[in-house]
Structure formats: C-alpha cells, structure tokens
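User: Hi! Could you walk me through this one while I have it open?
Analyst: Happy to. Let's bring it up and start with the strands.

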Amino acid sequence: MQHDTHNLQPLPTPRSVCLLRLSALGDVTHALSVVRTLQRASPDIAITWIIGEFEARLLDRLDGVELIRYDKRSGLRGWLDLRRQLAGRRFDALLLMQMALRANLLSTAIRAPLRIGFDRARSREGHGLFVNRRIDGGGRHVLDVMARFLRPLGVRQEHVEWRLPIGADDRAWARERVPEGAPVLMISPCSSHPLRDWRAERYAEVANHAAAHHGLRIALIGGRSARERAMGDAILARVQSPALDLIGQDTIRQLPALLERAHALLGPDSGPVHIANAVGTRVLGLYACTDAERSGPYSDRRYTVNRYAEAARVFKGVEPGALRWGQRIEQVGVMDLIEVDAVCACLDRLVADQAPSLR
C-alpha cells in the first residue's frame with residue numbers, strides 16, 4: 001500500500017468516518033474526546049465506531065454514533081461478521097487508532113479511501129501496511145496523540161470534553177450506594193494486570209490516613225474477579241474505620257455514575273482512573289509500570305505519583321527516554337517504588353486544594 005506522508009494538506013471534513021478502537025476502557029475514554037471534537041466541527045457527520053463488546057457497554061447510550069460491537073474472542077468468525085455488516089458501505093475516512101495485529105487485520109473489512117494511522121516511530125505489528133496517511137509524531141499523552149488523527153481532516157482539538165453518557169437510572173443507583181455525607185475517597189485497587197497493582201497493606205495505610213486526618217469515608221470498588229475480591233478483603237481487614245464495600249456491585253454502565261460520587265479516586269493505571277477523570281473526579285494515580293505522562297489522568301496529574309523513570313533505571317538499566325513510547329515495565333516489585341508517604345502527601349495537597357468543596 002502506498003503511504004502518504006503526514007505533512008500533506010488536510011482534506012475537507014468528511015461526511016462519514018469509521019473509527020476503529022476496540023479497547024481498553026481507558027483508551028476508549030480517550031477516543032471519546034476525539035469523537036466529541038469531530039462532532040463539534042461537523043455536527044452532521046456520520047460516525048461509526050468499531051469497538052470491543054465489553055467497552056461498548058460504557059458507551060451504549062452515546063449520541064450520534066453508530067457502535068458496531070466486536071467480540072475480541074471471535075477470531076476469523078468475527079472478521080467475517082464485520083465484513084458482512086459493512087458489505088456495500090464505504091466511508092470517507094478510517095481512523096485506525098489501535099496498533100494490535102487483530103485491529104490491523106480487522107481494518108481490512110473497512111472500505112475507505114483515506115486510512116489514517118500512527119506515525120512510523122509508534123507503529124508496530126505491521127500497522128503501516130494498513131494505512132495510507134500517518135499522523136505527525138508529536139504528543140506524548142495518549143489522548144493528545146489520538147487527537148492528531150483529526151488533523152488530516154482539517155480538524156484540531158482546541159479543548160477536550162467527554163460528556164460520557166450517564167443515565168438518570170445509573171445516577172439514582174449510585175446515590176443509593178453512596179449516600180450524601182462526608183466526602184468519599186474511592187479506591188479502585190486493581191488494574192488489568194496484577195503487576196500494576198499496589199499492595200493491599202499500602203492501600204489500607206492511605207485509607208487510614210484519609211479517614212484519620214481528613215475525615216474521608218472510604219469506599220472500595222472493582223469488578224467481580226476472584227483477584228479483585230481477594231484484594232478488597234485484604235484491604236478491608238486492615239482498614240481501621242468502616243468502609244463501603246462496593247466491589248462487584250456496579251456494571252460498566254453504572255461505573256461513571258459511581259465515580260461521580262467520589263471526592264477522589266485512588267488507583268493504578270486502569271479504566272476507572274480515566275473514567276473518573278472524564279467525569280471530573282480528582283485522581284490519586286499510582287504509576288510505575290506505565291508512564292503517567294503518557295497514560296495518567298489527562299486533566300490533572302498534580303496528585304499522581306509517577307515512578308516510571310525510576311522503574312526504567314532500576315528494572316531496565318536505562319533512562320526512560322530510551323524506552324519506546326508506551327513500553328510497560330511489568331515486573332515483580334515495580335509498584336513497590338511508590339511510597340505510602342508520597343501518596344499521603346498527594347492526598348494532603350488534594351484536600352488542601354479542594355478545602356472549600358469539603359465544607
């Protein structure tokens with residue numbers, strides 16, 4: 001496939017766009033900001049989003065967007081199903097916003113004369129074979145990089161908005177679980193990979209500090225897996241004040257409404273961190289496996305502890321600049337680089353900064 005360079009003149013805003021971003025929850029949340037920018041620039045544009053089955057539950061009330069769900073376990077059958085769904089359809093542009101081989105192959109079912117992909121430095125798994133226009137190489141945070149997919153269309157993201165679709169029924173459910181009262185520190189202790197999780201005893205130390213020094217209520221949230229249940233039980237066994245145990249109670253659709261009820265969220269690099277940021281909740285981020293400057297809470301990283309640079313030196317023996325964009329350092333012990341005192345200091349600053357809203 002002939003590859004155009006990123007410095008070609010932008011084209012007129014298209015009438016139809018297909019976006020392919022299957023996962024994960026955090027990156028889907030980032031991609032939503034791109035959709036909102038495109039909708040502002042061209043209110044009548046037809047947007048189709050090919051998205052993972054699980055992630056689609058977060059956005060199933062999204063206005064003005066056709067969601068086509070793809071089961072990531074379906075293999076060849078799923079590819080054939082997508083070809084059948086899109087038979088006879090043609091889009092003005094494809095935004096291929098995922099570099100996994102599965103996504104690259106899936107993109108062959110999408111007919112579009114303009115196929116926009118990542119720049120050469122970030123590309124992998126044959127991504128360049130499936131696109132004919134590349135974004136420029138700027139940007140460090142995932143959201144800023146995704147926004148560059150709009151530039152070939154003549155659209156720039158001047159400001160970021162998400163407007164996650166949250167139903168009144170979801171907010172009513174969340175109010176029942178987290179009623180009015182003292183401000184809440186929510187803890188979402190687990191990520192998609194156990195090596196990104198902090199230790200239960202450290203979460204408990206921060207929770208005890210939050211309750212004793214700031215009068216915050218503690219609430220634990222998470223999914224239904226055995227690992228998340230075990231982590232929650234280990235934290236609860238060490239927490240010295242009553243805590244709300246909400247692990248396994250919410251659905252993906254209800255999660256944004258639940259996070260709206262928190263004064264702050266404590267957790268590692270994970271979907272809830274980015275969803276909390278999108279609904280305006282402050283985030284105490286825990287980063288060592290991944291770089292907070294690339295994948296931390298987008299709106300505000302003042303309260304995030306980022307030990308990625310130290311992890312690169314300790315576990316890889318290199319400066320962080322020597323690692324490729326997006327490289328993870330998922331090794332045993334890496335999250336131990338995050339000290340309890342550093343997290344408590346972030347919490348103290350957050351509470352001081354937000355003091356008027358706590359009264």
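**Strands, helices and a few odd spots**

Analyst: To begin, strand β11 (residues 282-287) pairs with β12 in the parallel sense, over 2 bridges. L286 is the residue that stands opposite V305 in β12. Keep in mind that this is a predicted model.

User: Which sheet do those strands sit in, and what's the strand order?
Analyst: They belong to an open sheet of 6 strands, ordered β9-β8-β7-β10-β11-β12, with parallel pairing. The edges are taken by β9 (243-245) and β12 (305-306); each has a single partner strand, so one side of each is left without a neighbour in the sheet.

User: And what about the open sheet with β1 in it, which strands are at its edges?
Analyst: That open sheet has 6 strands in the order β3-β2-β1-β4-β5-β6, and the pairing is parallel. Its edge strands are β3 (65-70) and β6, each of which pairs on one side only.

User: How many bridges hold β5 and β6 in register?
Analyst: β5 and β6 pair over 2 bridges, in the parallel sense. If you want a spot to click on, R134 in β6 is the bridge partner of G117.

User: Nice. Which strands does α1 lie across?
Analyst: α1 lies across β1, β2 (46-52) and β3, and runs at about 175° to β2. Helix α3 (residues 75-85) lies across β2 and β3, running at about 150° to β3.

User: Switching to helix packing: at what angle do α7 and α8 cross?
Analyst: Helix α7 (residues 200-214) and helix α8 (residues 226-236) cross at roughly 50°, with their axes coming within 8 Å. The two are therefore oblique to each other. The crossing of α7 and α8 is right-handed.

User: Which residues make that contact?
Analyst: From α7 you have A200, Y203 and A204, and from α8 there are M231, A234 and I235. By class, the contact of α7 with α8 has 6 nonpolar residues, no polar ones and no charged ones.

User: What about α7 and α13, how do their axes sit?
Analyst: The axes of α7 and helix α13 (residues 340-353) come within 10 Å and cross at roughly 35°. α7 passes α13 in a right-handed crossing. On the α7 side the contact is made by R202, E205, V206, H209, A210 and H214; on the α13 side by V340, V343, C344, L347, D348 and V351.

User: And what's the breakdown by class there?
Analyst: The contact of α7 with α13 has 7 nonpolar, 2 polar and 3 charged residues.

User: Before I set anything up, any backbone oddities? Where is the cis peptide bond?
Analyst: The peptide bond from S23 to A24 is cis, with omega near -10°. A24 lies in the loop between β1 (16-20) and α1 (25-41).

User: Which residue other than glycine has a positive phi?
Analyst: E125 does, with phi near 55°. E125 lies in the loop between β5 (114-117) and β6 (133-134).

User: Last thing: what does the chain average in pLDDT, and where does pLDDT stay under 50?
Analyst: The protein chain averages a pLDDT of 95, and 96% of the residues score at least 70. pLDDT stays under 50 over residues 1-6, for which the model has 20 contacts beyond four places in sequence.

User: What should I do about the coordinates where pLDDT is low?
Analyst: Where pLDDT is low, the predicted coordinates should not be read in detail.

Methods. Residues numbered from 1 in each chain as written. Predicted model: local features only at pLDDT ≥ 70, side-chain atom pairs only at ≥ 80, totals over all residues. Heavy atoms only, no water. Axes fitted to C-alpha atoms, helices over the stretch in contact; angles between N-to-C directions. Helix = DSSP H or I, 4+ residues; strand = E, 2+ residues; numbered from the N terminus. Parallel < 35°, antiparallel > 145°, perpendicular 65-115°, else oblique. Left-handed = near helix turned anticlockwise from the far one by under 90°. Contact = heavy atoms within 4.5 Å. Nonpolar A, V, L, I, M, F, W, Y, C, P; charged D, E, K, R; others polar. pLDDT = per-residue confidence, 0-100. Pairing = 2+ DSSP bridges.
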